[in-house]
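Here is a walk through one model, starting from a cavity and working outwards. Have the structure open as you read.

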Amino acid sequence: MRRIIASTASVLAVAALVVGAPAILVVLAGNPFPSWDRLTEALSSPDYGGRFFLGTVLPLVGWVAWAFFTLPFLAAIPDAVRHVRHGATARRAPAVFRVQQAAAAALVSAVVVLLGAVSAPASSAGAASAPAVAAATDAVAAPSTSSRSLSTPSMTGSVAVAAVSAGQRPSSLEFHQRVIVSGDTLWDIAAEELGAGQRYPEIFDASTRIVQPDGRRLADPDLILPGWTVHIPGPGAPTERTAPVQNPAPAEPTVPLPADETIEPFPAELDEQSLLGVDRADPTAEPTQDSAYVADSGTDLEGDELAGVVRTAGGISGVLAAGLLAVLAALRLHQRHRRRAGQRLQLPDEQASHLERQLRDAGDDAGSADVDRAVRAIAAWASRTGTPLPGLYAVRLAAAGPAFFFADPVQLPAPFEPASDDDLVWTYPPNAEDHARAAVNPYPSLLLLGQDPAGAHILIDLEHWRALHVHGGTSLIEAVLTAMTLELATTPWADDLHLTVVGGHSGLADALDAGRIRYIDTIETLLPMLRAELSDIGQALERAGYASVTQARLDESPETWPTQIVIVHSGLDDQHAHTLADLIAHSRNAGIAVIATHPLLEGARLRLRDEEHASLDPVGLDLCLQQVSAEVLTVLNRLMDAATAPSLRPDVTAAVTSLPSPSGHDHAAEPGAPATEVTVPSQEAGIGTAAPYLRLLGPVSLDLPDAGTPRQAAPGRGVELVAYLHLHPHASTGQFASAFWPNAAPQAASMSMRKLTNHTRNWLGATDTDPPRSYLPRYEPAEGYRLDLGIRSDWSDFQDLVGTDLTVAGSDDLLAALRLVRGQPFTGIKQRFWAWCHLDMEEMIARISDVADELFGRAYAARDHARAQFAATVGNVVDPVNEIAWRNLMLSALAKGDVDRFERIVADLERYLDSFDEGYEPEPETQALIDEGRRELVADP
């Protein structure tokens, strides 16, 4: 309230100076300009009574003073508006006009505050009581004068977001960082930090390579955004820095990335699944020595400036990326479930693989989960207290958690926190405990439109707005509508949603449909269908005694009450638009919203200004667009199609033996001597040895030999780099950059590449040979990036033990290979990194599963129950999706006549299949084994 009063006073004061002063001058002095005769008389005769001075000279002085203030003030207003709307840096005015420039900025800020406190006209459901969001979101994030304040950045970025790490500064200068806040200019920063505003080009030149939180870079000294970071050259108060690197290597050559930069992230890593109630053998123990470096535990991990992207290079947001990856993960799980021994999953082509890496790099599954938990908590609170569900018109999802913008004041329980004095904006902490998992999602039509200038995701509730008008060029509209279709088809909170696409292509892969989408060719076909459906919903609500679909959802009705979302691509003329608008207006409580290229009602409007930017009205918010172009959609479909293709046999075809059964159909007999003689490493392999040892078959870690002197801090992605080069030797600069920074520009990726390789090279050290060899040799065009051959891993040892054809490997070698497995490969990695490892993980899982099945068959045939159970357990831990290992576990229990253990395994399998896919039935072979096993155990207890 004090802020509103102060802002009102500021507006009135400026109005008094700009309008009131000339009004007073006109009233008191009239026209101050004298006629020629009056001027001649005043100059040639005394001014008795001061008439000329009071009536002419003094008013003229007043008019000149008014013009001196007002004209520069009015000229500065557009620049101030541009700063408030876009965060642009205001041009530095001459010293004589600084007061006017400051007054203009103050006036615009005061108007913004006043608009933020006033509700929009009640002209539509969407705008009924929503604050002007561009202003409201500033108020949300700006420091409040009340006792409540919000630490989250505002939609317009008025509060600083996380600073870019100090780790990527040019090494030739000393820097410290400064985060831009609202009102900053490079001139002011240079004057404050360097002592002279004229030195702002030094800050500009030092900061152009920083990748800002929204993915952009500083390219114009007059355009800086709140939340961005700049480097201040010269001695200062440096932020935390990494340990100095000794003997830095020369810069690696910069090579452009592949031209097919598309998109991709990583589905949630598959956790190691345990067999409840089954006696499991622990293959190996975890290394506990101080020389073991765990993956993603380095000092500058979070300082990777290119790792925190919120969207892919092609325009897919982190939320949509997470949804697409969840679909991809489910498809691959089903692929693995169908895989047979000796087969491999079909891999996507390189362009599709690059898209997957981009999605994994940008995917924000944690943010999506935060929004889902929060809205379910709101539903649980409303249902428990009998409170009507509050209207929600927007959500801002940032790293600090989601902020919810409501149409009316609301009082939410903890852990929600109020973020505005009027109780219209509430925040929810990230990773909060889920207290309402079973609650229905009350806002199934949340739709992400893009990112605000600070890089936060902006979502609107379509059901609240009821209509969204998308205006712009035809091809860009298609890309935006495609993104919206994918978003609504894959988001976790859209279970209760029916999506109808009118006049648009049905070019989505079948896997992306998820049963939510129907396609209709024309608006003429849609209107009678929609009228009948809405009438049925209205009648059903009346019979059930509900006032609206929202109330029915909260009441946990046995019926489903989905929101109807219609996306109209084309064919909507004025007459059809009027009919559709009338249908929506008379079905307010039936849960319907329309996205169209024609204005409907007075809902929201998304104006597409160019290929990347849009404005959301009546909110007045600038956005960086989410879109999926036709080219990206084609690659995405290929990625999904590869994940639905049948499994393929590997190039080297191994004999696939039949599964043993209680009736005596055994695996092949024990072959002869192993094909390769290998020294089996101990559980502490690599500890205290002469070379680093990499562990990938379970929790990822790197064991380093004792260097004799304190080793410098591990680079944040150092273990990841060692793993990548171990599995992908002789990588080119383009392959390296695509694996680690798939969404970055080539120049920025090259900088990060040089920093990471130099730091990792010094951290790893060199061999103890004469002369010593670096464990990470310098880049050579003919050799690419690679490791010294002395670096080994559990995976390379596994392959050496097994050989190319596991059917001729000795059983002892197969057992030694399985003892290297400590869990599912790549356990414990951070999903925002390691975007490249998923296909490697799939190959490891398939290979380990085949070895476990082969060893089980031999041990089962030899009646070696302990070895058979061990092999079956390893196979099940590594790939619980595939039922081969489950059948092997059942067979091991049957062989010992252990009825209880057999039934526990069957129960565990059923529970796992339910969690994997509700209602999923065991494979026919598995069910036949269960039935036969129960018959045998009953007949011979």
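## A cavity among helices

Helix H22 is the top contributor to the lining of the second largest cavity, giving four residues. Keep in mind that this is a predicted model. H22 (838-861) shares the job with H23 (865-878) and H24 (883-895), each of these helices supplying at least two lining residues.

The cavity has a volume of about 90 Å³, and 14 residues line it. Nearest its centre you'll find Ser-849, Asp-853, Gly-875, Ile-884 and Ala-885. The lining is a mix: six residues are nonpolar, four are polar and four are charged. Across the structure, there are 11 cavities of 30 Å³ or more.

## Cores and an enclosed helix

H22 turns up again in the packing. The largest nonpolar core counts 86 residues, and Phe-798, Leu-818, Phe-826 and Trp-836 have the most contacts inside it. H22 gives the most to this core, with 10 residues. Another core lies apart from it, with 64 residues that include Val-470, Leu-476, Ala-494 and Leu-508.

What about helix H21 (residues 811-819)? Seven of its nine residues are buried, so H21 is largely enclosed by the rest of the structure. The buried ones are Ser-811, Asp-813, Leu-814, Leu-815, Ala-816, Ala-817 and Leu-818. They pack against H20 (794-802), H22 and H23.

## Leu-554 and its partners

Which residues does Leu-554 touch, leaving aside its neighbours within four places in sequence? The list is Ala-379, Ala-382, Ser-383, Leu-389, Val-440 and Pro-442. Leu-554 sits in helix H14 (residues 549-554), and its relative accessible area is 11%, under the 20% cut-off, so it counts as buried.

Pro-442 is a nice case: it is 112 residues from Leu-554 in sequence, yet the two C-alpha atoms are 7.1 Å apart. For the chain as a whole, take the contacts between residues at least 6 apart in sequence: 72% of them join residues at least 24 apart.

## Backbone oddities

Most peptide bonds are trans, and most residues other than glycine have a negative phi. A few spots here go the other way. The peptide bond from Ala-414 to Pro-415 is cis, with omega near 10°; Pro-415 is in the loop between strands E5 (401-406) and E6 (417-418). The bond from Asp-617 to Pro-618 is also cis, with omega near 5°, and Pro-618 belongs to the loop between strands E16 (613-617) and E17 (621-625).

Then there are the positive phi values. Asn-431 has a phi near 60° and lies in the loop between strands E7 (425-427) and E8 (446-451). At 61% relative accessible area, Asn-431 is exposed. His-730 has a phi of about 65° and is found in the loop between helices H17 (718-727) and H18 (733-740). With a relative accessible area of 45%, His-730 is partly exposed.

## The whole chain, and how far to trust it

The chain has 941 residues, 55% of them buried, with 26 helices and 20 strands. Its pLDDT averages 76, and 72% of the residues score at least 70. Residues 112-173 fall below 50, and this stretch has 162 contacts in the model beyond near neighbours in sequence. Residues 651-688 also stay under 50, with 78 contacts beyond four places in sequence.

Conventions: Residues are numbered from 1 along each chain as its sequence is written. This is a predicted model: local features need pLDDT of at least 70, side-chain atom pairs count only at pLDDT 80 or more; totals for chains, interfaces and linings use all residues. Side-chain values use heavy atoms; hydrogens and water are left out. On a 1 Å grid over the protein atoms alone, a cavity is a set of points where a 1.4 Å probe fits but cannot get out, and a pocket is an open set with protein on both sides within 12 Å along at least five of seven lines; lining residues have an atom within 4 Å of a point. Grid points are joined across faces, edges and corners, and a volume is the space filled by probe spheres set on the points. Ala, Val, Leu, Ile, Met, Phe, Trp, Tyr, Cys and Pro count as nonpolar, Asp, Glu, Lys and Arg as charged, and the others, Gly among them, as polar. A nonpolar core is a set of buried Ala, Val, Leu, Ile, Met, Phe, Trp, Tyr and Cys residues joined through side-chain atoms within 4.5 Å. Buried means under 20% relative accessible area, exposed over 50%, partly exposed in between (1.4 Å probe, protein chains only). pLDDT is the predictor's confidence in each residue, from 0 to 100. Contact means heavy atoms within 4.5 Å.
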